[in-house]
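User: Please take a close look at one part of this model, the sheet and its strand pairings, and explain what is found there.

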Amino acid sequence: MGNWRLTLFYATFKQVQKLSKNEVLMVNIGSLSTGGRVIATRADIAKIGLTTPVCTEVGEKIALSRRVEKHWRLIGWGNIRRGVKITPDS
């Protein structure tokens with residue numbers, strides 16, 4: 001067997017700041033990704049308006065990502081508690 005060169009990379013973790021009103025996020029719901037804007041926050045609950053409609057159910061898990069240094073970084077996750085039903089245009 002040959003010699004192996006090993007390079008170690010150490011990540012620096014930063015404290016995640018709380019969501020702020022009008023902040024733009026990427027929301028992943030199942031296999032779908034869409035943009036979203038924070039409309040309101042309260043304690044550990046956020047109301048997020050999506051840029052495009054998503055077909056999902058209450059209780060579905062979501063992931064939230066924030067733009068950090070030109071890259072999307074996972075900042076949190078949660079569940080859908082409620083939403084607005086829409087009908088598709090014909």
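Analyst: Leu-64 has Gly-76 in S5 as its bridge partner. The model is predicted, so local features need pLDDT of at least 70 and side-chain atom pairs count only at pLDDT 80 or more, while totals for chains, interfaces and linings use all residues. Residues are numbered from 1 along each chain as its sequence is written, and side-chain values use heavy atoms, with hydrogens and water left out.

The strands are DSSP runs of E with at least two residues, numbered from the N terminus. Strand S4 (residues 61-68) and strand S5 (residues 71-79) run antiparallel and are joined by eight bridges; two strands pair if DSSP finds at least two bridges between them. Another position in this pairing is Lys-61, which stands opposite Asn-79 in S5. Two residues lie between S4 and S5, which form a hairpin. In the turn, Glu-69 has a positive phi of about 50°.

The hairpin belongs to an open sheet of five strands, in the order S3-S2-S1-S4-S5, with antiparallel pairing. Its edge strands are strand S3 (45-50) and S5, each of which pairs on one side only. From one strand to the next, the twist averages 40°; the axes are lines fitted to C-alpha atoms, and angles run from 0 to 180 degrees between N-to-C directions.

Strand S4 also holds one end of a salt bridge, Arg-66. A salt bridge here is a side-chain nitrogen of Lys or Arg within 4 Å of a carboxyl oxygen of Asp or Glu. The structure holds one. Arg-66 forms this salt bridge with Glu-23, and the closest N and O atoms are 2.5 Å apart. The pair links distant parts of the chain, 43 residues apart, with Glu-23 in the segment before strand S1 (24-29). Arg-66 is buried, at a relative accessible area of 12%, and Glu-23 is buried too, at 14%. Buried means under 20% relative accessible area, exposed means over 50%, and partly exposed is in between, using a 1.4 Å probe and protein chains only.

Elsewhere in the sheet, Gly-35 lies in strand S2 (residues 32-42). Gly-35 is partly exposed, with a relative accessible area of 23%. Not counting residues up to four places away in sequence, Gly-35 touches Leu-25, Gly-49, Leu-50 and Thr-51, where contact means heavy atoms within 4.5 Å. Gly-35 and Gly-49 are 14 residues apart in sequence, and their C-alpha atoms are 8.6 Å apart in space.

Note on methods
Helix = DSSP H or I, 4+ residues; strand = E, 2+ residues; numbered from the N terminus.
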